[in-house]
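Hi,

Here is the model I said I would pass on. Have a look at it, and my notes are underneath.

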Amino acid sequence: MRFVTHSADETEALGERLAKTLHGGEIIAFTGDLGAGKTAFTRGLARGLGIPMRVTSPTYTIVNEYTGGRLPLFHFDMYRLGSSDELFDIGWEDYLQRGGVCAVEWSENVADAMQGAISVRIGRDSDEQRTITIEGGGLDANSGI
């Protein structure tokens, strides 16, 4: 599925729509350049899951945990990781077993750990416009996004 957004608010709204289709246990594997809108999309995921907390980039903490909604959200930033071995060292399997949603920025750095993930590719067309492609994880045109 391919979408075009024209603002951060529209990118967040698309994340919110995706969140409403999730049941827990999903991995959202983001790819996109710096500033493409991965964290904005994740803010929308949090809103769609009913999480009241402010969502920020986990660049320096590797993972931020958000609870209090329909499902917990675990927001990862893999930019500083060199391999999926490092991901497993920080407890990746434990997060997967907790039944929440794992949103993974810079997922290409740990691609071998992303099997079965919903892929969200964000392309930056201009300062405001983004082309967002969502596929995998059993989603199709009838998924309600």
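Below is what I found, going from the whole chain to one helix pair.

A bit of housekeeping: this is a predicted model, so local features need pLDDT of at least 70 and side-chain atom pairs count only at pLDDT 80 or more, while totals for chains, interfaces and linings use all residues. Residues are numbered from 1 along each chain as its sequence is written, and side-chain values use heavy atoms, with hydrogens and water left out.

The chain has 4 helices and 7 strands (DSSP runs numbered from the N terminus: H or I of at least four residues for helices, E of at least two for strands). From the N terminus, the order is β-α-β-α-β-β-α-α-β-β-β. The C-alpha trace spans about 40 × 30 × 30 Å along its principal axes. As for burial, 49% of the 145 residues count as buried, meaning under 20% relative accessible area with a 1.4 Å probe, protein chains only.

Now the helix pair. The axes of α1 (residues 8–19) and α2 (residues 38–48) come within 6 Å and cross at roughly 45 degrees; axes here are lines fitted to C-alpha atoms over the stretch in contact, with angles from 0 to 180 degrees between N-to-C directions. That makes the two helices, α1 and α2, oblique to each other (not under 35, over 145 or 65 to 115 degrees). Residues of α1 including Leu-14, Gly-15 and Leu-18 meet a set in α2 that includes Phe-41, Gly-44 and Leu-45, contact being heavy atoms within 4.5 Å.

Cheers

Technical notes. Buried < 20%, exposed > 50% of the residue type's maximum accessible area, 1.4 Å probe, protein only.
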